[in-house]
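Please open the structure in a viewer and keep the selection tool at hand. The stops below are meant to be followed in order.

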Amino acid sequence: MVLFVASAFSTVLAFITSFLLVRTLKNRFLKLGITGIDVHKQDKPEIPERVGIGPLMAFTSSICVLVVLFPQSSILFSALMSTASLGGLVGLLDDVLDLGGKMKPLISPMAALPLIISGCLSPRPLLPLVGHARMYYVYWPLILIFFTVIMNATNMADALNGMMPSSVIIVTLSLVPGLILTKKYHLIPVLAAFIASILPYYWYNKYPAKVFGGNVGSMFVGAFLAGIAAASNLEMFLVISMLPFFITGFMIIYSAGGFRERREMKKRPTLLEGDLIRANPDEEAPMTIIAILTSDRPKREYEIVREFLMLTLISGILSIASLLLTFL
Amino acid sequence: MDRGLALGIFLVFSGWGLVLLALILIKIMILPYTSFHGRGLLEMVYAALRVAVSLIAFGFSLVAWYYVTRAAFRRILLSRQQPSK
């Protein structure tokens, strides 16, 4: 009962704080000229950018409350909060300094350090069909790579209005059965606070977007997802539920020959025809999930997001199915 | 359902298959050899070979997955560009 009341309180706090911050930052950033162009609209509107700071601050304040309410988990919660904040900081650095496609993956693993240093990670990840593996030496370098991959995949999926926050909510929910089956109930309030801080941002970011989260938003989200999966030893289940994110990442890396920022690509993967997006037929254009979804016919932005959500939902179900196969 | 979405769904299921393949390879080829304690040189060489075979099998599947997807993607794009008869 106490757990439920405390979770409800921190969740409501995260939601209200995030809503107020996103609304305030939207107007403030517009006045300050911190904006980005919505390239998938015909009139190319200027939209306030880096509003992802709002959900990050709301999540942090909510976790501070959880740290006070659950002193037995305070170290883990503080480490998760620091991990998410460091992820956001990497994104903010990229927003301000433009780190480029090679530098960003190199400094992303920094976000894993609070969890590693605090001793909250156990080098025994739960693998589908295999069970808990003992990886006492290999685990630590692998977890750094894991953070890089998850953070940058989340960043790459933030391509269309509302695509990243909505699909991340599905990914987060697909982790809940894993937390229950592995008896990590104490992490559920953290997940609830995270979703509550993302929801208001999604409301403003959905088509037609009124705000952009910037790299600060997507890297914070990616660092949190990697952190919660590592803390609960559900790394591989997160990988399965994020398959559509990796398809984009893998295809860009493979077809563009390494990590590339959108502006660093010679040929755009998609073209704009009025309000419709279609795959670029040029053979040198990289193949992304958006290009694949629009390969047969041009589609509106919200149609593509809806289909991407469907793919994420299928991945989430496959992740839960893998979990059940492991426990049966 | 159009072919683009169908290809997306195929990619998710085949991606899941790839992850499971990697885990099956880990389970049957690598995990029995996680400890070299008390094993002879021949067994260590045998274990290293199994790891190499697993990596090659997984790498080959990943590259095949990419090229099958790329071929299907190009085919859809080309069929769209050709005028219908």
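This tour visits the contact between two chains and then a sheet. The model is a predicted one.

**The contact between the chains**

Begin by colouring chain A and chain B separately. Their contact draws on 37 residues of chain A and 31 residues of chain B. Together the two chains bury about 3,300 Å², and carbon and sulfur atoms account for 74% of that area. Next, select Trp16(B), Tyr66(B) and Arg80(B): in chain B these lose the most area to chain A, together 20% of what that side buries.

**Charged and polar pairs**

Three salt bridges are counted between chain B and chain A. To view one of them, select Arg297(A) and Asp2(B), whose closest N and O atoms lie 3.7 Å apart. Five residue pairs, both members at pLDDT 80 or more, are in polar contact between the two chains.

**The side of chain B that touches chain A**

Now select residues 3–30 and 41–81 of chain B. These are helices H1 and H2, the elements that each give two or more residues to this side. H1(B) supplies the largest share, 16 residues. By class, the side comprises 20 nonpolar, six charged and five polar residues.

**The sheet in chain A**

Finally, turn to chain A, where three strands form an open antiparallel sheet in the order E5-E6-E7. Select residues 270–273 for E5 and 299–300 for E7; these are the edge strands, each pairing on one side only. Then add E6(A), residues 276–279, which is joined to E7(A) by two bridges in an antiparallel arrangement. As a last selection, take Ile277(A) together with Lys299(A), its bridge partner in E7(A).

Terms used. Residues numbered from 1 in each chain as written. Chains lettered and ligands numbered in written order. Predicted model: local features only at pLDDT ≥ 70, side-chain atom pairs only at ≥ 80, totals over all residues. Heavy atoms only, no water. Contact = heavy atoms within 4.5 Å. Buried area = accessible area lost by both parts, 1.4 Å probe. Salt bridge = Lys/Arg side-chain N within 4 Å of Asp/Glu carboxyl O. Polar contact = N/O pair within 3.5 Å; in protein donor to acceptor, adjacent residues only side chain to side chain. Helix = DSSP H or I, 4+ residues; strand = E, 2+ residues; numbered from the N terminus. Nonpolar A, V, L, I, M, F, W, Y, C, P; charged D, E, K, R; others polar. Pairing = 2+ DSSP bridges.
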